[in-house]
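Visitor: Could you walk me through this one? I'd like to hear how you reason from the atoms.

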Amino acid sequence: VLEIQEQKIKELRVEGRMMICQTMVKPEHFSALEAVHSVSDYQYVLSVFHWFDLKTREDFEKTIAALLRNSKTTFIELPTIGDNSKLIRQQVGWENFVKWYDGRTDTGIILREAAEAHNIVVK
């Protein structure tokens, strides 16, 4: 897949303006990027939070806030609310998801409240 992505980047002549990060991401990476004011136009965060062992809603919201500050536009996938399937239970943070969501079921509200708790305006 990476070869196809790199080929498309060359084909569209966006080298130097687009980066693909294939690595093990940790919550502290978002804070490190924030600390050096590394802001991108877009970021796609898919199947990332599923693997974070964030123990509390506060830890989750702090990580969301750091992530949001790193880009003008963020596309994010969060774990499915209430999904306790075998696949979900294999993910590191699955037992914490209920703590992150704290009874909320609307991901828009979850993200908005995380942003607001850290003085971030979302549109």
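Visitor: Let's start with Thr63. In which helix is its place?

Guide: Bear in mind that this is a predicted model. With that said, the place of Thr63 is in helix H3.

Visitor: And is Thr63 buried or exposed?

Guide: Anything under 20% relative accessible area counts as buried. Thr63 has a relative accessible area of 8%, so the verdict is buried.

Visitor: Which residues does Thr63 touch, leaving out those up to four places away in sequence?

Guide: Two of the partners, Pro27 and Phe30, are also among the H2 residues that meet H3. Taken together, the residues Thr63 touches are Pro27, Phe30, Phe49, Phe52 and Leu54.

Visitor: So how are H2 and H3 oriented to each other?

Guide: The axes of H2 (residues 27-35) and H3 (residues 57-69) come within 8 Å and cross at roughly 40°. The crossing is left-handed. Angles of 65 to 115 degrees would be roughly perpendicular and those under 35 roughly parallel. H2 and H3 are therefore oblique.

Visitor: Which H3 residues take part in that contact with H2?

Guide: From H2 come Pro27, Phe30, Ser31 and Glu34. By class, the contact has four nonpolar, two polar and two charged residues. On the H3 side, the names are Thr63, Ala66, Leu67 and Arg69.

Visitor: What about H3 and H6: how do they lie to each other?

Guide: H3 and H6 (residues 107-117) pack with their axes 8 Å apart, at an angle of about 80°. That makes H3 and H6 roughly perpendicular.

Visitor: How many polar residues does the contact of H3 with H6 have?

Guide: H3 brings Arg57, Phe60, Glu61, Ile64 and Leu68, which meet H6 residues including Ile110, Leu111 and Glu113. By class, the contact has eight nonpolar and three charged residues, and the polar count is no polar residues.

Visitor: Back to the rings. What kind of aromatic pair do Phe49 and Phe52 form?

Guide: The count comes to ten aromatic pairs. In the pair of Phe49 and Phe52, both residues are buried. Their rings are 5.1 Å centre to centre with 65° between the planes, and the pair is edge-to-face.

Visitor: How many residues apart in sequence are the parts that Phe49 and Phe60 tie together?

Guide: The ring centres of Phe49 and Phe60 are 5.9 Å apart with planes at 80°, so this pair is edge-to-face. Phe60 is buried, with a relative accessible area of 0%. Phe49 lies in the loop between S1 and H3 and Phe60 in H3, so the separation is eleven residues.

Visitor: Which residues do ring pairs link into a cluster?

Guide: Phe49 and Phe60 are already familiar as a pair. The whole cluster is Phe30, Phe49, Phe52, Phe60, Phe97, Trp100 and Tyr101.

Notes. Residues are numbered from 1 along each chain as its sequence is written. This is a predicted model: local features need pLDDT of at least 70, side-chain atom pairs count only at pLDDT 80 or more; totals for chains, interfaces and linings use all residues. Side-chain values use heavy atoms; hydrogens and water are left out. Axes are lines fitted to C-alpha atoms, for helices over the stretch in contact, and angles run from 0 to 180 degrees between N-to-C directions. Helices (H or I, at least four residues) and strands (E, at least two) are DSSP runs, numbered from the N terminus. Angles under 35 degrees count as roughly parallel, over 145 as roughly antiparallel, 65 to 115 as roughly perpendicular and the rest as oblique. A crossing is left-handed if the near helix is turned anticlockwise from the far one by less than a right angle, and right-handed if clockwise. Contact means heavy atoms within 4.5 Å. Ala, Val, Leu, Ile, Met, Phe, Trp, Tyr, Cys and Pro count as nonpolar, Asp, Glu, Lys and Arg as charged, and the others, Gly among them, as polar. Buried means under 20% relative accessible area, exposed over 50%, partly exposed in between (1.4 Å probe, protein chains only). Rings of Phe, Tyr and Trp (its six-membered ring) pair if their centres lie within 6.5 Å; planes under 30 degrees apart count as stacked, over 60 as edge-to-face and the rest as tilted.
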